[in-house]
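Dear colleague,

Here is the structure I promised to pass on to you. Please look through it first, and then read the notes below on what was found.

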Amino acid sequence: MSPSNYPYEYDALPSTPQQPQIYVVLPFYSSSGHRIWSRFSRRYLYSAITVLLLAVAIYVLWPSDPHLKVVNLSLDRLEVHVAPISLDIELGVRVKVRNPDVYSLNYQSLNLSVEYRGEQLGFVTSDDGRVEALVTSFINATLVLNRAEVRF
């Protein structure tokens, strides 16, 4: 086949070799070490977010004490003893309980000792109950003061 039959013409190769052209291909970086810094900063950011979420979860789920406040007292029984002079007092107590936790609080009984200057004056008892999560409930109890001495 002759070269005229081809639709394209080609130049013949030169007999003497030309100086070789050398190309160096480098990756593109916008700034020195930017990609490495970006990778590390993303890791630190993800770690910080994880620690922050874990701290929030612990703060929310950590149990805390309920807030108690006496809202009502009523005298149910009063008995006076002569020798030595002392009183038996029975009081009805209504206690407001605020539960700041995200879970409910169940109790079987409420037992509380009332002391004054190191001496036990009486005790409070109540039946079982439940305080719902994030709400305020009321507990009815009885305060009994046995032989509370009257000193002059």
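Strand 5 and strand 7 are paired antiparallel over 4 bridges, where strands are DSSP E runs of at least two residues, helices are H or I runs of at least four, both numbered from the N terminus, and two strands pair if DSSP finds at least two bridges between them. Within this pairing, Gly122 has Leu145 in strand 7 as its bridge partner. Strand 5 (residues 119-126) is also joined to strand 4 (residues 110-116), again in the antiparallel sense, by 7 bridges, and here Leu112 lies opposite Val124 in strand 5. The hairpin that strand 4 and strand 5 form has 2 residues between the strands, and Arg117 in its turn has a positive phi of about 55 degrees.

Please bear in mind that this is a predicted model, in which local features need pLDDT of at least 70 and side-chain atom pairs count only at pLDDT 80 or more, while totals for chains, interfaces and linings use all residues. Residues are numbered from 1 along each chain as its sequence is written, and side-chain values use heavy atoms, with hydrogens and water left out.

Taken as a whole, the chain has 1 helix and 7 strands, with the helix coming before the strands in the order α-β-β-β-β-β-β-β from the N terminus. Of its 152 residues, 15% count as buried, that is, under 20% relative accessible area, as against over 50% for exposed and in between for partly exposed (1.4 Å probe, protein chains only).

The largest nonpolar core (buried Ala, Val, Leu, Ile, Met, Phe, Trp, Tyr and Cys residues joined through side-chain atoms within 4.5 Å) has 11 residues, among them Ile89, Val124 and Leu143. Strand 2 (86-98) and strand 7 (136-149) each supply at least two residues of this core, and the largest share, 5 residues, comes from strand 2. Leaving aside neighbours within four places in sequence, Leu143 is in contact (heavy atoms within 4.5 Å) with residues including Ile89, Leu91, Val93, Phe123 and Val124.

On the outside, what is the relative accessibility of Val102? Val102, which is found in the loop between strand 2 and strand 3 (105-107), counts as partly exposed because its relative accessibility is 39%.

Best wishes
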